[in-house]
Amino acid sequence: MKSLFLITARGGSKGIPHKNIKLLNGKPLIYYAIDVARQFVSDDDICVSTDGDDIIKTVEDYGLNVPFKRPGELASDTAGSYEVILHAVKFYENKGIYYDNVVLLQPTSPFRTKEDVEGCIAKYDDTCDMVVSVKPASANPYYDIFEEDPNGHLVISKGDGKITRRQEAPLCYEYNGAVYVINVKSLESMHMNDFKGVRFYVMSEIHSVDLDTMLDWKYAELLIQEGLV
């Protein structure tokens, strides 16, 4: 199987200004994703999709060519990941380069490991639409997630409300945003929201850290300082 390792890095960032090139432990954040990708493929099969000139310079200073500048319509607050991924795939197809799958590595997951990516790839084959990394959910709809009923009262989100211990509730997971292995044929035939054949790989809480706010960033710095990652 031929894989495109895609790193998506939009220039505008409100929660953490300039986060994709902000130094984390002395290294631009986006370099963490590049370092992982380089453990699997050559630079020819690594694509950074960005609209930011400062990001392009930072990436090319690291020796990785940025093949295109992302169009403005795919860099707005309302642009979706699906369109950005499909744009990258079509760019290569227009050059006569065809990939079987896309391994999406978002820069905001700096603690994802080579083993995490290997685990996702191992679960992938061409009979599924996608493999996604997850972490155990922090809350559970059978135990401690509630909804408002027609009377304005809180009721358990799923189940009959008789589960009184978290250990008795079915396991639930949440996407952590670290790794996606996406079938290109599926991508080109339907929106990712319509994927039915989605497998998952469970990552640890620490390796699942996703940087979206300055509080997340401070937590990441603390984990590094304490030698926990």
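Right after helix H2 comes Gly63, with a positive phi near 90°. Keep in mind that this is a predicted model. H2 itself (residues 53-61) is a good place to start looking.

Which residues of H2 are buried? They are Ile55, Ile56, Thr58 and Val59. Viewed down the axis of H2, these buried residues fall within an arc of 165°, so they line one face of the helix. The other side of H2 has Asp53, Lys57 and Asp61, which are exposed. Among the elements covering the buried residues of H2 are strand S3 (27-28), H1 and S4.

Val59 deserves a closer look. Setting aside neighbours within four places in sequence, Val59 is in contact with Ile30, Tyr31, Ile34, Val48, Leu64 and Val66. Val59 also belongs to the largest nonpolar core, which has 29 residues; there, Phe5, Ile7, Ile30, Val59, Leu105 and Val179 touch the most other members. Each element in this table supplies at least two residues of that core:

| Element | Residues |
|---|---|
| Strand S1 | 3-8 |
| Helix H1 | 29-37 |
| Strand S4 | 46-49 |
| Helix H2 | 53-61 |
| Helix H4 | 114-122 |
| Strand S9 | 173-183 |

H1 gives the most to this core, with 6 residues. A second, separate core has 21 residues, including Leu4, Leu6, Ile85 and Tyr180.

Now for the surface. Tyr173 sits in strand S9 and, at 36% relative accessibility, counts as partly exposed. Together with Leu171, Phe200 and Val202, Tyr173 makes a nonpolar surface patch of about 380 Å².

How values were computed:
Residues are numbered from 1 along each chain as its sequence is written. This is a predicted model: local features need pLDDT of at least 70, side-chain atom pairs count only at pLDDT 80 or more; totals for chains, interfaces and linings use all residues. Side-chain values use heavy atoms; hydrogens and water are left out. Patches are made of residues with over 30% relative accessible area and no salt bridge: like charges are joined within 9 Å, nonpolar side chains (Val, Leu, Ile, Met, Phe, Trp, Tyr) within 5 Å. Accessible areas come from the Shrake-Rupley method with a 1.4 Å probe; for residues, only the protein chains shown count as cover. A salt bridge is a side-chain nitrogen of Lys or Arg within 4 Å of a carboxyl oxygen of Asp or Glu. Helices (H or I, at least four residues) and strands (E, at least two) are DSSP runs, numbered from the N terminus. Buried means under 20% relative accessible area, exposed over 50%, partly exposed in between (1.4 Å probe, protein chains only). A nonpolar core is a set of buried Ala, Val, Leu, Ile, Met, Phe, Trp, Tyr and Cys residues joined through side-chain atoms within 4.5 Å. Contact means heavy atoms within 4.5 Å. The arc is that of the directions from the helix axis to the C-beta atoms.
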